[in-house]
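Q: Here is a structure that I would like to understand better. Please take a close look at how its strands pair, and then carry on to its side-chain contacts.

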Amino acid sequence: MAVNRLIKEKSPYLLQHAHDPVDWWPWCPQAFETALREDRPVLLSIGYSTCHWCHVMGREAFSDPAVAEVLNRAFVPIKVDREERPDVDAVYMRACHALTGSGGWPLTVLAGPDQKPFWAGTYLPARSGWGQVGLLEVLERVEALWREDRQSLLDAGQAVTDRVAAEIALSPADPDMGLPRAAAGQLLRRFDPAAGGFGGAPKFPMPQNILFLLAYARLEGDERALEMADRTLEGMIRGGIHDQIGGGFCRYATDREWRVPHFEKLLGDNALLACACLAGWEETGRRIYEDAARRTLDYLLEELRLPGGAFATGQDADAGGEEGRFYRLTPGELARVLGEREAGDFCRWYGITWDSGVPALLDNPDWETPDGELEARREKVRLWRRGRMALHRDDKVLTSWNGLAIAALARAGRALGERRYWRAAESARLFLKTRLTTPEGRLMLRWREREAAQLGQLEDYAFYLWGLLELYEVNFSASVLREACTVADWLLADFEDGERGGFYHTAHSGERLIARPKEAPDGALPSGNAAAGLALGRLGRLTGRQKYREAARRQLRWLAGQLQTYPAGGCFSMLALLEELSPGQELLAAAPEVPRELEGLPEQVQTVVKTPANARALARLAPFTAAAPIPAEGAAYYLCRDGACRAPVRSLSELPLRRTRRLSAPAGGR
């Protein structure tokens with residue numbers, strides 16, 4: 001079978017297209033030099049290996065000999081894995097939105113040899129029909145225009161580039177509670193009171209919205225915010241978007257009620273949704289949220305954890321050539337696995353019929369009180385389902401998404417008191433430190449098959465920094481805190497815009513594209529700028545160092561300025577603002593060893609532990625700790641603020657610590 005240049009790449013997505021008849025290039029300078037030398041426009045196709053519609057376009061268009069013939073003759077075709085090159089994806093997704101008002105994957109872009117885009121779209125069939133333009137028609141039209149009216153394409157490319165590269169000059173603003181209140185109000189106007197979530201179909205989980213609403217409800221006593229978070233979490237957990245059999249959540253729901261998922265499962269989504277479920281449990285005490293968090297994290301450990309402790313990127317939507325085939329069940333299959341009687345009970349519980357094979361609990365009024373046999377039946381079905389067919393797993397390691405997984409696992413270890421979770425977080429951190437960190441402390445973006453590649457980008461630093469800080473507050477390791485300071489130092493040195501504020505998507509020394517994004521709003525995941533603001537604020541409070549405190553304040557002022565018009569579009573930024581405006585309590589514990597009574601402290605209590613083993617290192621990392629003597633036995637506890645501490649006490653019970661589960665979920669749930 002013939003192969004193209006992609007056969008030499010590591011990306012699972014690029015390798016999926018290594019046998020296409022299209023003469024693909026990876027993104028590289030040589031591809032654009034070829035386009036310039038041979039006087040051809042460029043086709044960029046951007047996707048990822050677990051994307052259903054990327055597979056469809058690959059089968060329909062890029063495997064078509066007629067499409068390949070035009071591409072190979074008249075274009076320089078370039079394949080890009082959006083997860084390996086999020087900077088390229090961000091720039092050309094902006095272009096797609098500028099040209100069409102929407103975006104998605106696969107992302108299809110036509111550009112000149114100068115990388116300036118003049119046409120963009122998403123999924124295209126090979127040929128036009130049923131009211132949809134085909135790729136072949138677009139290519140033939142552009143080929144003709146390139147010969148006959150090239151200037152019109154170049155002018156369009158310049159106009160789009162100008163729009164993509166333009167940075168709206170918004171002044172920084174002093175944060176106040178008006179912005180989170182406005183965000184909560186905007187979410188309320190979009191809230192779906194029947195099914196939860198925000199807006200109609202398709203419906204995305206947006207866990208950062210839930211995290212913000214829960215924190216806002218706690219601080220403001222806002223029952224409407226609590227209800228929005230509670231209904232949304234419950235709707236997702238009951239819906240088909242939640243894998244009722246194997247745990248974890250699919251990418252999004254195609255319907256309003258969370259019933260029918262788009263079946264791919266991604267590491268970043270599940271890490272954040274585990275955080276949201278943990279926060280829901282801590283704030284309301286509803287056991288369903290604790291169970292969902294455990295099952296989601298267990299899914300990560302069972303299905304995505306790789307040898308060495310890091311986590312794979314995700315699992316495919318397709319199996320057996322069909323989207324969702326892995327997840328759909330029939331009464332006949334279940335009868336063969338469980339037996340007729342037990343299968344009948346199982347199908348009734350999960351709403352499985354011959355017409356609807358996606359397990360869900362939306363029509364089950366007793367869903368919170370399963371019988372004692374359900375878990376055994378579910379495990380039997382899970383093992384059978386896993387053995388009947390394989391799901392493609394994208395096994396590359398992304399620093400950014402592993403940072404989110406570390407944060408989720410560490411939070412679970414702290415909230416649930418289970419060492420297996422934070423031990424898994426420690427293993428993932430060690431993997432990133434040894435394989436994706438340069439000797440001087442810079443981060444790399446991707447690891448696969450013993451190779452690290454691509455300089456780290458903003459999300460790598462911001463998400464990993466957050467993960468390190470969550471991990472520190474469960475293992476209190478000075479080496480983890482030291483690594484967090486190193487990551488923060490590189491973040492500030494390599495990404496901060498010292499003139500206008502905010503952090504660029506790419507480092508100052510990174511590859512120059514047609515634009516250099518600096519984004520405040522969240523996407524499906526929190527923006528790197530939002531995560532940087534939250535993490536720098538926490539690092540400043542933990543260490544008491546003005547360098548980080550001032551950097552956090554600069555960043556939060558920039559975020560507040562950027563999000564003045566629509567703060568609900570940046571809920572992770574709103575979460576960071578809440579932590580700054582109504583910060584939790586800072587605790588210094590000095591003791592011969594880590595006191596056991598620190599286990600189970602709420603997230604809002606940020607804790608530093610000083611022992612004889614770490615005292616010298618901690619004095620450099622958090623200088624305010626140097627003045628706290630370590631008692632010969634027992635512990636001394638200090639409540640602190642900005643590095644200034646009260647007189648110590650000898651028991652946590654003597655401190656006015658704010659505990660979790662301060663709120664009550666709306667009576668009766670949904």
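A: Let's start with the sheet: three strands make an open, antiparallel sheet in the order E8-E9-E12. Its edges are strand E8 (265-266) and strand E12 (393-394), each of which pairs on one side only. Strands E8 and E9 (residues 314-315) run antiparallel and are joined by two bridges; one of the partnerships is that of Leu-266 with Gly-314 in E9. Two strands pair if DSSP finds at least two bridges between them, and the element names come from DSSP runs numbered from the N terminus (helices are H or I with at least four residues, strands are E with at least two).

A word on what you are looking at: this is a predicted model, in which local features need pLDDT of at least 70, side-chain atom pairs count only at pLDDT 80 or more, and totals for chains, interfaces and linings use all residues. Residues are numbered from 1 along each chain as its sequence is written, and side-chain values use heavy atoms, with hydrogens and water left out.

Now to the charged side chains. Side chains of opposite charge can pair when their charged atoms come close. The whole structure has 71 salt bridges, a salt bridge being a side-chain nitrogen of Lys or Arg within 4 Å of a carboxyl oxygen of Asp or Glu. In one of them, Arg-348 and Asp-345 meet at 2.4 Å, N to O. These two residues are three apart in helix H14 (residues 340-350), so about one helical turn separates them. Arg-348 is exposed at 61% relative accessible area, while Asp-345 is partly exposed at 26%. For these words, buried means under 20% relative accessible area, exposed over 50%, and partly exposed in between (1.4 Å probe, protein chains only).

Another pair is Arg-328 with Glu-322, whose closest N and O atoms are 3.9 Å apart. Here Arg-328 is partly exposed, at 29%, and Glu-322 is partly exposed too, at 38%. A third pair joins Asp-497 to Arg-500 at 3.3 Å, N to O; Asp-497 is buried, at 5%, whereas Arg-500 is partly exposed, at 46%. There is also a network of salt bridges that links Arg-287, Glu-290, Asp-291, Arg-294, Asp-298, Glu-418 and Arg-420.

Let's turn next to His-508, in the loop between helix H19 (478-495) and helix H20 (528-543). His-508 is partly exposed, with a relative accessible area of 33%. Beyond its neighbours within four places in sequence, His-508 is in contact (heavy atoms within 4.5 Å) with Ala-493, Asp-494, Phe-495, Glu-496 and Arg-516. A polar atom of the His-508 side chain lies 3.2 Å from the backbone oxygen of Glu-496. By contrast, Gln-244 is 264 residues away from His-508 along the chain, and their C-alpha atoms are 45 Å apart.

One more arginine rounds off the tour. Arg-238, in helix H10 (residues 223-238), is buried at 8% relative accessibility. The side chain of Arg-238 reaches the backbone oxygen of Leu-362 at 3.4 Å. That is a polar contact: a pair of N or O atoms within 3.5 Å where, within protein, one must be able to donate a hydrogen and the other to accept it, and where residues adjacent in sequence count only if both atoms are side-chain atoms.
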